[in-house]
Amino acid sequence: MTWISIFTGKSGYAASSTAEDVTKGVDGTGLTAIVTGATSGIGLETARVLALRRVHVVMPVRNLEAGKKVQQGIVEKIPNAKVEVMELDVSSMESTRQFASQYCSKGLPLNILVLNAGIMTPPFALSKDGIESQFATNHVGNFLLTNLLLDTMKKTATESGKEGRIVIVSSEAHKMPYKGGIKFDKLNDEKSYNSMYAYGQSKLSNILHANELSRRLQEEGVNITANSLHPGVIRTNLIRNGGFMSFFINTLQSFLKDIPQGAATTCYVALNPQLKGVSGQYFADSNLSKPTAYARDPELAKKLWDFSLKLTESK
Ligand SMILES: NC(=O)c1ccc[n+]([C@@H]2O[C@H](COP(=O)([O-])OP(=O)(O)OC[C@H]3O[C@@H](n4cnc5c(N)ncnc54)[C@H](OP(=O)(O)O)[C@@H]3O)[C@@H](O)[C@H]2O)c1
């Protein structure tokens with residue numbers, strides 16, 4: 001039992017709505033989705049509910065054993081579920097390229113891409129590619145994966161006549177980045193590393209990424225939307241690194257969303273017909289929401305795009 005708001009917003013849903021509530025009556029037959037980070041928390045529930053709505057779900061995971069267990073758990077509850085597991089460490093560009101190439105060579109279509117995998121406030125570390133770990137996992141991996149899968153998504157959208165959707169799981173923590181938003185010139189500097197600001201920076205990047213991607217897709221006239229969202233505050237494995245956020249979440253647990261509520265906004269943005277044609281927006285509690293001025297800054301979004309492109313092209 002949690003004590004979160006039951007007041008509905010314009011969409012007709014509230015913070016208390018669950019992922020099943022916001023997708024009730026939606027038939028996802030014929031749709032294929034990728035959900036990253038589906039071995040636990042919000043991603044697992046998102047994968048389960050999309051499968052429940054008859055979407056074919058592909059779960060790229062870094063731990064295949066954990067992924068197979070999740071797959072089994074879903075199929076036990078939903079016997080006709082179509083759920084597949086593939087390998088992906090989203091913090092590694094090599095692994096991301098390998099996954100994308102395997103996915104494309106399977107000849108699978110792709111209607112919905114849910115970029116959910118993430119880490120929060122670990123001690124300073126560099127990824128295999130030498131990039132600060134939160135920025136590498138939470139943003140660069142998403143950026144590269146999207147670019148590698150975009151042609152498949154475009155082909156699917158054209159051939160099926162159905163709108164493609166890219167859903168990027170951000171956070172209200174985007175309000176707490178480093179001074180100036182993104183530390184482009186000192187991204188990998190251990191001395192000035194602050195785990196909370198680095199998390200905020202990566203989550204700000206999620207919104208900027210969705211916005212610039214949306215702008216580009218619209219300019220191209222492609223039938224694919226890109227949106228970002230805050231899922232709420234939910235007690236998941238995300239708090240494994242301890243620190244202030246873990247203390248806060250553990251203490252206030254009974255006032256927070258549970259996991260079915262935590263996956264609602266993601267499923268709403270991924271599947272709900274209300275959002276047909278809606279792109280470049282930020283959502284919370286399955287309703288439109290307004291991110292910070294940094295997150296709405298188109299110049300910063302362009303700068304991040306060019307920066308991310310250079311990073312991913314150089315490795
Ligand atoms: N929980 C909250 O209160 C909250 C609030 C705002 C935003 N969010 C966002 O919601 C998303 C999901 O978080 P959650 O709360 O559900 O946390 P979680 O239970 O820890 O789930 C995170 C998922 O990401 C996966 N992952 C992490 N690093 C990866 C990598 N390098 N390659 C592939 N997969 C990787 C994890 O896989 P493993 O099982 O292998 O670790 C796990 O499946 C994150 O983007 C987070 O920032 C959460």
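This is a short tour of a predicted model, from the whole chain to one helix pair and then the ligand.

**Whole chain.** Show the chain as a cartoon. Look for ten helices and eight strands. Along the principal axes, the C-alpha atoms fill a box of roughly 50 × 45 × 40 Å. The chain has 315 residues, and a compact globule with that many would have a radius of gyration near 20 Å; the chain's 18 Å agrees with this.

**Helix 5 and helix 6.** Select residues 133–160 for helix 5 and residues 195–220 for helix 6. The two axes come within 7 Å and cross at roughly 15°. Angles under 35 degrees count as roughly parallel, so helix 5 is roughly parallel to helix 6. Their crossing is right-handed.

Now show the side chains where the two helices meet. From helix 5, select Q134, F135, N138, H139, N142, F143 and T146. From helix 6, add A198, Y199, Q201, S202, K203, S205, N206, H209 and L213. Colour this contact by class: five residues are nonpolar, ten are polar and one is charged.

**The ligand.** Select the ligand and the 29 residues around it. Which of them come nearest? They are G37, G41, G118, S171 and T236. Next, select helix 2, residues 41–52. Helix 2 gives the most to the shell around the ligand, with three residues. Finally, colour the shell by class: it divides into 13 nonpolar, 14 polar and two charged residues.

How values were computed:
Residues numbered from 1 in each chain as written. Predicted model: local features only at pLDDT ≥ 70, side-chain atom pairs only at ≥ 80, totals over all residues. Axes fitted to C-alpha atoms, helices over the stretch in contact; angles between N-to-C directions. Helix = DSSP H or I, 4+ residues; strand = E, 2+ residues; numbered from the N terminus. Parallel < 35°, antiparallel > 145°, perpendicular 65-115°, else oblique. Left-handed = near helix turned anticlockwise from the far one by under 90°. Contact = placed C-beta atoms within 7 Å. Nonpolar A, V, L, I, M, F, W, Y, C, P; charged D, E, K, R; others polar. Near = placed C-beta within 6 Å. Rg over C-alpha atoms; globule rule 2.2 N^0.38 Å.
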